[in-house]
Amino acid sequence: MKRAGLFLLATCVALLAAPLMAQTPSSAIVRVAIWKVKPGMGKQFQDGVRKHNEFHVKVNDPVALETWEVTSGDDTGTFLRIVSLPNWAAYDTPNYDTAADEADSATNIDPYMEAGPVRWWRFLPEVSHGPMTGTPPAMDEVLFFHLNMGYGRDFSALIKKITDAARASNWGVHYYWYVLENGGEHPTFALVIPKQKMADFDDPPVTFQAMLEKALGRAEAEMVYRALDKSIHCQRSQTIAYRGDLSYTPAKK
């Protein structure tokens, strides 16, 4: 990442926007299935997802199934199917017949997609900055931080220090942290930065550097920058767009 990567936190933000998985419970476990569409099958795939969502309507599934499209980065053109539950145990008690769900998917979705990886993430409310209510934003900037081995605890302490500074400063920028639990390279953290329009890629009125140096002082802020550089092996990023037309939202009670 180095310091230029850290400043993406300042340049890729939306002010006062809702986060990915907007109603994510505290410390939730998030399942992200990556769907790659077969060439030339885009329309059939999307129609199939809409048909499959009807299965969840019929069984009155109480859990939202969000669909996002990757619009930049190495996985551009793939889709993400995201579900969030309060803990691991909640995945042991599905709200519907899973065999019927799989059969419906096999009919309506599987013929038009290639099997992709599934990754499990844990939401980190203690180091996130912003409310967890509302509807999903139009887009999310997602920054993946792959750490050097043995630096997970140090990195966690650093982002906690940054978030403490953001909260103390009442910083108008919201962001959300997740840590990879299973399904990829470890240790990996993801920073999700919501935005509603392309103009939100611009610098916020108070930049990250200005906020941190005002809260901590320049000398301590420099120490944070150096410690981050030491902890991070590499960084990658992508932008994802919320596809409400391909998502399932439970009926309001």
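Start with the whole chain in view: among contacts in the protein between residues at least 6 apart in sequence, 86% join residues at least 24 apart. Keep in mind as you click around that this is a predicted model. Colour by secondary structure and you'll have 7 helices and 9 strands to look at. Of the 253 residues, 45% count as buried.

**Stop one: the largest pocket**

Select Arg31, Ala33, Tyr96, Asp101 and Ser105 and centre the view on them; of the 31 residues that line the largest pocket, these lie nearest its centre. The space in there comes to about 800 Å³.

Now bring up the elements around that space. Those giving two or more residues to the lining are the helices α3 (42–58) and α4 (98–108), plus the strands β1 (29–37), β3 (79–85), β4 (113–114) and β5 (118–123). Try colouring the lining by class: you should get 17 nonpolar residues, with 7 polar and 7 charged ones.

**Stop two: a pair of helices**

Next, show helix α5 (residues 152–168) and helix α6 (residues 208–216). Their axes come within 9 Å and cross at roughly 90°, so α5 and α6 are roughly perpendicular to each other.

Which residues make the contact? On the α5 side, pick Lys161, Ile162, Ala165 and Ala166. On the α6 side, pick Phe208, Met211, Leu212, Ala215 and Leu216. Show them as sticks and check the classes: this contact has 8 nonpolar residues and 1 charged residue, with no polar ones.

How values were computed: Residues are numbered from 1 along each chain as its sequence is written. This is a predicted model: local features need pLDDT of at least 70, side-chain atom pairs count only at pLDDT 80 or more; totals for chains, interfaces and linings use all residues. Side-chain values use heavy atoms; hydrogens and water are left out. Axes are lines fitted to C-alpha atoms, for helices over the stretch in contact, and angles run from 0 to 180 degrees between N-to-C directions. Helices (H or I, at least four residues) and strands (E, at least two) are DSSP runs, numbered from the N terminus. Angles under 35 degrees count as roughly parallel, over 145 as roughly antiparallel, 65 to 115 as roughly perpendicular and the rest as oblique. Contact means heavy atoms within 4.5 Å. Ala, Val, Leu, Ile, Met, Phe, Trp, Tyr, Cys and Pro count as nonpolar, Asp, Glu, Lys and Arg as charged, and the others, Gly among them, as polar. On a 1 Å grid over the protein atoms alone, a cavity is a set of points where a 1.4 Å probe fits but cannot get out, and a pocket is an open set with protein on both sides within 12 Å along at least five of seven lines; lining residues have an atom within 4 Å of a point. Grid points are joined across faces, edges and corners, and a volume is the space filled by probe spheres set on the points. Buried means under 20% relative accessible area, exposed over 50%, partly exposed in between (1.4 Å probe, protein chains only).
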